[in-house]
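Please read these points with the structure open beside you. They go from one strand outward to the rest of the chain.

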Amino acid sequence: QVQLVESGGGLVQAGGSLRLSCAASGSIFRINSMGWYRQAPGKQRELVATFTTGGGTNYLDSVKGRFTISRDNAKNTVSLEMNSLKPEDTAVYYCNANINTLITWGYEFWGQGTQVTVSS
């Protein structure tokens with residue numbers, strides 16, 4: 001099976017920075033896409049940043065210029081550098097990956113989530 005393990009997150013003051021990392025492991029044949037979502041209390045989960053199947057990137061408009069997604073294909077990891085954090089960035093951040101395994105094709109996997117709290 002496949003596991004996504006996240007690290008990073010925590011409490012930071014507005015204007016500060018945090019870095020999230022996610023490592024995929026298990027029976028991975030190919031990672032089609034990998035990225036980050038977030039969910040704030042009372043709100044729907046939303047895409048924050050992701051690498052697309054074609055190799056491009058997508059960012060939530062409100063994080064453009066502040067967040068940067070990066071990846072290490074050799075290590076099956078994706079990271080999210082978050083700068084100039086705002087209180088409205090407070091949410092649980094989830095790693096997401098669309099993966100081909102030896103059994104399933106194009107299955108969506110999720111990490112357990114990591115809390116990011118930005119104080120004003």
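**Notes on the model**

1. Start with β9. This strand is mostly covered, with 10 of its 11 residues buried. Keep in mind that the model is predicted. β9 runs from residue 91 to residue 101. Find it in the viewer before reading on.

2. Which strands does β9 pair with? One partner is β4: 10 bridges join the two, and they run antiparallel. A second is β10, residues 107-110, joined to β9 by 4 bridges. That pair is antiparallel too. A third is β11, with 3 bridges to β9, again antiparallel.

3. Now check single residue pairs. For β4 and β9, look at W36: its bridge partner in β9 is C95. For β9 and β10, I99 stands opposite Y107. For β9 and β11, A91 stands opposite V116. These three pairs are handy landmarks for tracing the strands.

4. Look at the turn as well. β9 and β10 form a hairpin with 5 residues between the strands. In this hairpin, G106 takes a positive phi near 70 degrees.

5. Next, the core. The largest nonpolar core has 28 residues. W36, L80, M82 and Y93 have the most contacts inside it. Eight elements give two or more residues to this core: β1 (2-7), β3 (18-26), β4 (28-39), β5 (46-51), β7 (67-72), β8 (77-82), β9 (91-101) and β11 (114-119). Which of them gives the most? β9 does, with 5 residues.

6. Take L80 as a worked example. Leave aside its neighbours within four places in sequence. L80 is then in contact with L18, R19 and L20, and also with V48 and A49. F67, T68 and I69 are on its contact list too. So are W36 and Y93. Both of these, like L80 itself, are among the residues with the most contacts inside the core.

7. T114 deserves a separate look. This residue lies in strand β11. Is T114 buried or exposed? It is buried, because its relative accessible area is 11% and the cut-off for buried is under 20%.

8. What does T114 touch, not counting residues up to four places away in sequence? The list is E6, G8, G9, L20, A91, V92 and Y93. One of these, G8, also has its backbone oxygen reached by the side chain of T114, at 3.0 Å. For D72, the picture is one of distance: T114 and D72 are 42 residues apart in sequence and 20 Å apart in space, C-alpha to C-alpha.

9. Two loop residues have a backbone angle worth checking. N76 lies in the loop between β7 and β8. Its phi is near 55 degrees, a positive value in a residue other than glycine. N76 counts as partly exposed, because its relative accessibility is 25%. S84 lies in the loop between β8 and β9. Phi of S84 is near 50 degrees, also positive in a residue other than glycine. At 40% relative accessibility, S84 counts as partly exposed. Partly exposed covers the range between the 20% and 50% cut-offs.

10. Step back to the whole protein. How many helices and strands are there? The secondary structure comes to 0 helices and 11 strands. Read along the sequence, the pattern is β-β-β-β-β-β-β-β-β-β-β.

11. Consider overall size. The C-alpha trace spans about 45 × 25 × 25 Å along its principal axes. Why does the radius of gyration agree with a compact globule? With 120 residues, such a globule would have a value near 14 Å, and the protein has 14 Å.

12. Finish with surface and contacts. Of the 120 residues, 38% count as buried. The accessible surface comes to about 6400 Å², and 49% of it belongs to carbon and sulfur atoms. Now take contacts between residues at least 6 apart in sequence. Among these, 55% join residues at least 24 apart.

Terms used: Residues are numbered from 1 along each chain as its sequence is written. This is a predicted model: local features need pLDDT of at least 70, side-chain atom pairs count only at pLDDT 80 or more; totals for chains, interfaces and linings use all residues. Side-chain values use heavy atoms; hydrogens and water are left out. A nonpolar core is a set of buried Ala, Val, Leu, Ile, Met, Phe, Trp, Tyr and Cys residues joined through side-chain atoms within 4.5 Å. Buried means under 20% relative accessible area, exposed over 50%, partly exposed in between (1.4 Å probe, protein chains only). Contact means heavy atoms within 4.5 Å. A polar contact is a pair of N or O atoms within 3.5 Å; within protein, one must be able to donate a hydrogen and the other to accept it, and residues adjacent in sequence count only if both atoms are side-chain atoms. The radius of gyration is taken over C-alpha atoms; the globule rule is 2.2 Å times the number of residues to the power 0.38. Accessible areas come from the Shrake-Rupley method with a 1.4 Å probe; for residues, only the protein chains shown count as cover. Two strands pair if DSSP finds at least two bridges between them.
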